[in-house]
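Q: I would like to learn how to read the features of a protein model. Can we go through them step by step, starting from the backbone?

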Amino acid sequence: MTKILFDTDPGIDDAMALYLLARDPRAELVGITTVFGNASIDTTTRNALALRERFGIHHVPVARGAARALVKPSEGFADFVHGQDGLGDAGTATASSGHDTPDGRAAALFIIEMARRHSGELVLVPVGPLTNIAHALQLDPDLPRHVRGVVLMGGAFGTLGHGGNMSPVAEANIHGDPHAADIVATADWPVTFVGLDVTHQVRMSTAYLDEIGREGGVHGRYLRDITRFYERFYEPRTGGGIYSHDASAVACALDPGLFTLRHGPVRVVTDGIATGQTIQRLPGRPDPSPHWDGLRDQAVCVEVDSERVLREYRALF
Ligand code: BDR
Ligand code: CA
């Protein structure tokens, strides 16, 4: 079992990832923290609470997190990708019973407490802007000693012909808070970047989603319904179907063997035209690179067994 804290901005693919965490017997979900990103913090927190109820994991605390980036001014939310309600405007985004109250602790403090309670065991899986994780590091510089690792959805390293999705070089989660991302990437803990290099390889086709909708019971139907909006956004890029970003990060946290990793320190560009670009120094490079010197190697996913990722996700229904 892998103990996981899920930091999320639900978000349609976030919802799909949470379903994986709720169902996969290899995952022990110890908490959910919310962050702005695909929608405002009010909306992403409401959605996390509604999804928790829908997926029957009421025992998992939901702690509300950051409303804005550490430094970068807000540029609005991705309602053109995830809908006004963050869950595809399918009319399903509200919690219906009494389980709709967040934990009293702020996300960053909750992360610190969980890391200490499960010292040496907890894997953080952030799939939105990295603001909460950076806050936690700022509040508790000892945090890395207690965390087993960070497996995040974010970044674009330009392999396999995949660039960014917010600019030619920047991926949305990193672009949302590049300063936080640089803090997380350069802290002394193992970070795995599950970026667009691999998530663009994990495509759920229209037929795949339809099958889940038809045969996957109430949850399959729900997830297929909320992906209608998302698929319309992605169709010009995918030719039909969606990229499975956040669920790929969860898959990596549960089984890194599905991915090929490349090692080297990572920095994030925090201003200028390349804001949000993730840059890894490759091993054996003779060029002077003081900004990467002295940093620990992090892992970047450069290949994925997408067939297996998709097959294992399908088997959850
Ligand atoms: C990431 O941005 C968000 O739209 C998705 O939820 C995912 O986490 C992909 O770039
Ligand atoms: Ca997300």
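The dialogue below takes up backbone, metal site, salt bridges, a buried helix and a cavity in turn.

Q: What kind of model is this?
A: It is a predicted model. Local features are read where pLDDT is at least 70.

Q: How do I spot unusual backbone geometry, and which peptide bond is cis here?
A: Start from the general trend. Most residues other than glycine have a negative phi, and most peptide bonds are trans. Now the case. The bond joining Pro10 and Gly11 is cis, with omega about -5 degrees. Gly11 sits in the loop between strand E1 (2-8) and helix H1 (12-23).

Q: Which residues other than glycine have a positive phi?
A: Asp89 is one of them, with phi near 45 degrees. Leu160 is another, with phi near 50 degrees.

Q: Where do Asp89 and Leu160 lie?
A: Asp89 is in the loop between helix H3 (79-82) and helix H4 (107-117). Leu160 is in the loop between strand E5 (147-153) and helix H7 (172-176). Asp89 counts as partly exposed because its relative accessibility is 37%. Leu160 counts as partly exposed at 47%.

Q: How do I read a metal site, and which residues coordinate the calcium ion (ligand 2)?
A: List the donor atoms, then look at their spacing along the chain. The calcium ion (ligand 2) is coordinated by OD atoms of Asp9, Asp14 and Asp246 and by the O of Val127. Asp14 is listed twice, each time through OD. The distances run from 2.3 to 2.7 Å.

Q: What spacing do the donors of the calcium ion (ligand 2) follow along the chain?
A: The spacing is D-x4-D-x112-V-x118-D.

Q: Are Asp9 and Asp14 buried or exposed?
A: Asp9 is buried, with a relative accessible area of 1%. Asp14 is buried too, at 0% relative accessibility.

Q: How do I read salt bridges, and how many are there?
A: Count the pairs, then ask which parts of the chain each pair links. The count comes to 19 salt bridges.

Q: What does the salt bridge of Asp188 and Arg296 tie together?
A: The two side chains meet at 3.1 Å, N to O. Asp188 lies in the loop between H8 and strand E6 (191-194), and Arg296 in the loop between strand E11 (278-280) and strand E12 (298-304), so the pair ties together parts that are 108 residues apart in sequence. Asp188 is exposed, at 58% relative accessibility. Arg296 is partly exposed, at 34%.

Q: Which elements hold Arg224 and Asp210?
A: These side chains form a salt bridge at 3.0 Å, N to O. Arg224 belongs to helix H11 (residues 217-238) and Asp210 to helix H10 (residues 206-215), so the pair ties together parts 14 residues apart in sequence. Arg224 is partly exposed at 25%. Asp210 is partly exposed at 24%.

Q: What does Arg308 form a salt bridge with?
A: Its partner is Asp255, with the closest N and O atoms 2.9 Å apart. The pair links distant parts of the chain, 53 residues apart. Arg308 is in helix H13 (residues 306-314), and Asp255 is in the loop between helix H12 (245-254) and strand E9 (259-264). Arg308 is partly exposed at 27%. Asp255 is buried, with a relative accessible area of 18%.

Q: Which residues are linked in a network of salt bridges?
A: The network links Asp24, Arg26, Asp255, Arg308 and Glu312.

Q: How do I read the packing of a helix, and which residues of helix H5 are buried?
A: Find the buried residues, then see what covers them. In helix H5 (residues 131-139) the buried residues are Thr131, Asn132, Ile133, Ala134, Ala136 and Leu137. Their cover includes E1, strand E2 (27-34), H4, strand E4 (122-126), helix H6 (143-146) and helix H8 (178-186).

Q: How do I find empty space?
A: Rolling a probe the size of a water molecule over the atoms shows where empty space is left. Here a search of the whole structure finds one cavity of 30 Å³ or more. The largest cavity holds about 60 Å³ of space.

Q: Which residues line the largest cavity?
A: The lining consists of Leu20, Asp24, Arg26, Ala251, Leu254, Val309, Glu312 and Tyr313. H12 and H13 are the elements that give two or more residues. H13 gives the most, with three residues. By class, the lining has five nonpolar, no polar and three charged residues.

Conventions
Residues are numbered from 1 along each chain as its sequence is written. Chains are lettered from A and ligands numbered from 1 in the order in which they are written. This is a predicted model: local features need pLDDT of at least 70, side-chain atom pairs count only at pLDDT 80 or more; totals for chains, interfaces and linings use all residues. Side-chain values use heavy atoms; hydrogens and water are left out. Helices (H or I, at least four residues) and strands (E, at least two) are DSSP runs, numbered from the N terminus. Buried means under 20% relative accessible area, exposed over 50%, partly exposed in between (1.4 Å probe, protein chains only). Contact means heavy atoms within 4.5 Å. A salt bridge is a side-chain nitrogen of Lys or Arg within 4 Å of a carboxyl oxygen of Asp or Glu. Donors are N, O and S atoms within 2.8 Å of the metal (3.2 Å for Na, K and Ca); water is not among the atoms, so sites may look incomplete. On a 1 Å grid over the protein atoms alone, a cavity is a set of points where a 1.4 Å probe fits but cannot get out, and a pocket is an open set with protein on both sides within 12 Å along at least five of seven lines; lining residues have an atom within 4 Å of a point. Grid points are joined across faces, edges and corners, and a volume is the space filled by probe spheres set on the points. Ala, Val, Leu, Ile, Met, Phe, Trp, Tyr, Cys and Pro count as nonpolar, Asp, Glu, Lys and Arg as charged, and the others, Gly among them, as polar.
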